[in-house]
Amino acid sequence: MRITVLDGYTLNPGDNPWAGLEALGDVTVYDRTPEHEIIARAKDADAVLLNKTPLSAATLAALPRLKYIGVLATGYDIVDVAAAAKAGIPVCNIPTYGSQAVAQHVFALLLALCRRVESHAAGVSAGRWGKSPDWCYWDTPQIGLAGKTLGIVGFGAIGSQVGKIAHAFGMGVIGHTFGPRFDPGFAPFSYVETIPEIFERADVVTLHCPLFAENRGFVNDELLGRMKRSAFLINTARGPLVDQAALARALQKGTIAGAGLDVLEVEPPADDNPLLHLPNCLITPHVAWATLEARKNLMDTAVENLAAWQAGKAQNVVNMGK
């Protein structure tokens, strides 16, 4: 079997070997693949693995040998899953590899917004504390989490892990789920029937839903306008869930207090992205998923997915029957 990895660098920049995958077939790994080279690189492959390299219907039509697509991520919007299903090609994702890593990053962003640890540490290094007339100082409001309400939009594996951490911080947790309800395993927690109510009630709203055509840009002027002026928005899910221009307006006008983002509408961002230089917007470079532990989990599951399909027992299939 010929296996081609179209963009493997972020999964394995040198610390996460491909040995398990290499045991399943003849493997070719490309660090990155520009769109104009996808067909040439994948045309002889039986199985293709990718993270952010797009597979459109037109591209799939030009790959008649292809039998399997492995997405090296939880989100699979990069693949035209309907076209793949029509061609009889299963698309398998990695549903839970980084739940803890992403949940931890949510709170790294939130705590950074609330306490501004890095800027205060930089001030100390620059001599600010040594010149202070008092035994302490702070440049920004120091905000506690206990007693605040966290609103979670998308209450799956990551969302529920975020809720558990929030509960440990003494926060109340409300959530909106797009799927069946289940016991999150902690209290207090309450389901909320509508997304607008989440935005109205929460002190912090965090997004953990997949990206579909129907929810692209759903965090817009209207929803942001429902939030408390003291509230924060956190997005570690998918950048296009948020109307970027609307968020920039809300931050500039003080409609909300701040935002912590690990994802943007276009990645990497253009220099003129309106969010890049706002003091109340913290942006990290899509790194929430990238702990070594999470990447090893991802690699292991990617190998298990392909091995299961080879054995005729495909798992984590997101498109067949759709």
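Start with L251 and its contacts. Setting aside neighbours within four places in sequence, L251 touches I256, G258, A259, L275, L278, N280 and C281. This is a predicted model. L251 sits in helix α10. Its relative accessibility is 4%. Buried means under 20%, so L251 counts as buried. L224 lies 27 residues from L251 along the chain, and the C-alpha atoms of L251 and L224 are 9.7 Å apart.

Now take the helix as a whole. Helix α10 covers residues 244-253. Which of its residues are buried? They are Q244, A246, L247, A248, A250 and L251. What do these buried residues pack against? The partners are α9 (221-225), β10 (232-235), β11 (258-261) and β12 (281-283).

Look next at the two ends of α10. At the start, D243 contributes a side-chain oxygen. That oxygen comes to within 3.2 Å of the backbone nitrogen of A245. Just after the helix comes G254. G254 has a positive phi of about 80°.

From the helix, move to the cavities. How many cavities of 30 Å³ or more does a search of the whole structure find? The search finds two. The largest cavity holds about 50 Å³ of space. Its lining brings in residues already met: Q244 and L247, both buried in α10, are among the lining residues. L275, a contact of L251, also lines this cavity. The rest of the lining is N235, G239, V242, L261, V263, L264 and E265. By class, six lining residues are nonpolar, three are polar and one is charged.

The second largest cavity has a volume of about 40 Å³. Which residues line the second largest cavity? They are L49, Y68, G70, V71, L72, C92, I94, A302 and N305. Two elements, β4 (68-71) and α11 (292-310), each supply at least two residues of this lining. Strand β4 gives the most, with three residues. The lining of the second largest cavity divides into seven nonpolar and two polar residues. No charged residue is part of this lining.

Last, turn to the aromatic rings. A pair of aromatic rings is described by the distance of the centres and the angle of the planes. The structure holds six aromatic pairs. One of them joins F155 and F189. The ring centres of F155 and F189 are 4.7 Å apart, with 40° between the planes. That pair is tilted. It links distant parts of the chain, with F155 and F189 34 residues apart. F155 is in the loop between β6 (149-153) and α7 (157-168), whereas F189 is in strand β8 (residues 189-191).

F189 also pairs with Y191. Here the centres are 4.8 Å apart and the planes meet at 90°. The F189 and Y191 pair is edge-to-face. Ring pairs thus link F155, F189 and Y191 into a cluster.

Are the rings of this cluster on buried or exposed residues? F155 has 3% relative accessibility, so F155 counts as buried. F189 has 18%, so F189 also counts as buried. Y191 has 21%, so Y191 counts as partly exposed. The cut-off for buried is under 20%.

Methods: Residues are numbered from 1 along each chain as its sequence is written. This is a predicted model: local features need pLDDT of at least 70, side-chain atom pairs count only at pLDDT 80 or more; totals for chains, interfaces and linings use all residues. Side-chain values use heavy atoms; hydrogens and water are left out. On a 1 Å grid over the protein atoms alone, a cavity is a set of points where a 1.4 Å probe fits but cannot get out, and a pocket is an open set with protein on both sides within 12 Å along at least five of seven lines; lining residues have an atom within 4 Å of a point. Grid points are joined across faces, edges and corners, and a volume is the space filled by probe spheres set on the points. Ala, Val, Leu, Ile, Met, Phe, Trp, Tyr, Cys and Pro count as nonpolar, Asp, Glu, Lys and Arg as charged, and the others, Gly among them, as polar. Helices (H or I, at least four residues) and strands (E, at least two) are DSSP runs, numbered from the N terminus. Buried means under 20% relative accessible area, exposed over 50%, partly exposed in between (1.4 Å probe, protein chains only). Contact means heavy atoms within 4.5 Å. A polar contact is a pair of N or O atoms within 3.5 Å; within protein, one must be able to donate a hydrogen and the other to accept it, and residues adjacent in sequence count only if both atoms are side-chain atoms. Rings of Phe, Tyr and Trp (its six-membered ring) pair if their centres lie within 6.5 Å; planes under 30 degrees apart count as stacked, over 60 as edge-to-face and the rest as tilted.
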